[in-house]
Amino acid sequence: MHDQQQTLFERVGGEQTISDLIHEFYDRVLADPELKPFFENASMGKLRRMQREFFSAALDGPITYSGRPLSHVHHGTGITKHHFALYVGHLIDTLQDHGINDQDAQEIIGRINTYSDEITGDVGSAG
Ligand code: HEM
């Protein structure tokens, strides 16, 4: 049993775990032939740094995301629900690989899924 008083960020192991997770996660994403092309011109160092911030903040950690709004970053890139599902699939594999328990993993995926419309451009003219 884990302590429900702790934030999700604390439960998974804090900054070091998030850093390890993001590293492995992007290795998986870049090894996926359907996702790799999107990242050809991306600065992976900055992206990993921004993702560490974003995930830490999304899991209620004591960190503020300093990057651009997700809808702006992903707008016009042609990322579809299919790509989004592949991406989330790699995240699930990464969480399992790191021994994150099922309940925490489901909570993380639930939070990440709420960004689907911003990423895949289904946000109408608001993006
Ligand atoms: C919920 C899922 C996702 C989240 C939370 C997310 C988050 C982010 C963040 C925080 C950045 C950095 C923003 C910045 O530099 O200011 C970023 C950049 C990027 N993301 Fe995502 N992303 C998601 C899904 C995806 C998917 C599915 C793809 C492609 C298949 C993708 C492709 C990219 C690319 C190529 C960049 C680099 C853009 C650039 O530097 O020009 N993202 N994303």
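**Notes on a predicted helical model with a ligand**

1. Let me start in the helices: setting aside neighbours within four places in sequence, F25 is in contact with H90, L91 and T94. Please keep in mind while reading that this is a predicted model.

2. F25 also turns up in the largest nonpolar core, which has 14 residues. Together with I22 and L59, F25 touches the most other members of that core. Two or more residues each come from α1 (8-12), α2 (14-30) and α5 (81-97). Which element gives the largest share of this core? That is α2, with five residues.

3. Now for the overall fold. The protein has seven helices and zero strands, so reading from the N terminus the order is simply α-α-α-α-α-α-α. As for contacts with a separation of 6 or more, 71% of them join residues 24 or more positions apart.

4. On dimensions, the C-alpha atoms fill a box of roughly 45 × 30 × 25 Å along the principal axes. The radius of gyration is 14 Å, which agrees with the value near 14 Å that a compact globule of 127 residues would have. Of the 127 residues, 16% count as buried.

5. You will probably want to look at the ligand next. The shell around the ligand holds 22 residues, and the closest are A42, M50, G67, R68 and Y87. The elements giving two or more residues to this shell are α3, α4 and α5. The largest share, five residues, comes from α3.

6. What is the make-up of that shell in nonpolar, polar and charged residues? The residues around the ligand divide into 15 nonpolar, five polar and two charged.

7. R11 deserves a look of its own. This arginine is placed in helix α1. Is R11 buried or exposed? R11 counts as buried because 21 C-beta neighbours lie inside 10 Å, and the cut-off for buried is 20 or more. Its C-alpha atom is separated by 9.5 Å from that of L59, although the two residues are 48 apart along the chain. L59 is one of the core residues that touch the most other members.

8. G13 sits in the loop between α1 and α2. With 15 C-beta neighbours inside 10 Å, G13 counts as partly exposed. Here too a pair spans the sequence: the C-alpha atoms of G13 and I100 are separated by 9.4 Å, with their positions 87 residues apart along the chain.

9. One backbone angle to check is phi of D60, which is near 70 degrees, a positive value in a residue other than glycine. D60 is found in the loop between α3 (44-58) and α4 (70-74). D60 counts as partly exposed because 14 C-beta neighbours lie inside 10 Å.

10. Finally, confidence. The average pLDDT of the protein is 92, and 92% of the residues score at least 70. Among the elements, α5 has the highest mean pLDDT (97), while helix α7 (residues 116-120) has the lowest (94). Where does pLDDT stay under 50? That stretch is residues 123-127, for which the model has eight contacts beyond four places in sequence.

Definitions and conventions. Residues numbered from 1 in each chain as written. Predicted model: local features only at pLDDT ≥ 70, side-chain atom pairs only at ≥ 80, totals over all residues. Helix = DSSP H or I, 4+ residues; strand = E, 2+ residues; numbered from the N terminus. Buried ≥ 20, exposed ≤ 12 C-beta atoms within 10 Å, placed from the backbone. Core = buried A, V, L, I, M, F, W, Y, C linked by C-beta atoms within 7 Å. Contact = placed C-beta atoms within 7 Å. Near = placed C-beta within 6 Å. Nonpolar A, V, L, I, M, F, W, Y, C, P; charged D, E, K, R; others polar. Rg over C-alpha atoms; globule rule 2.2 N^0.38 Å. pLDDT = per-residue confidence, 0-100.
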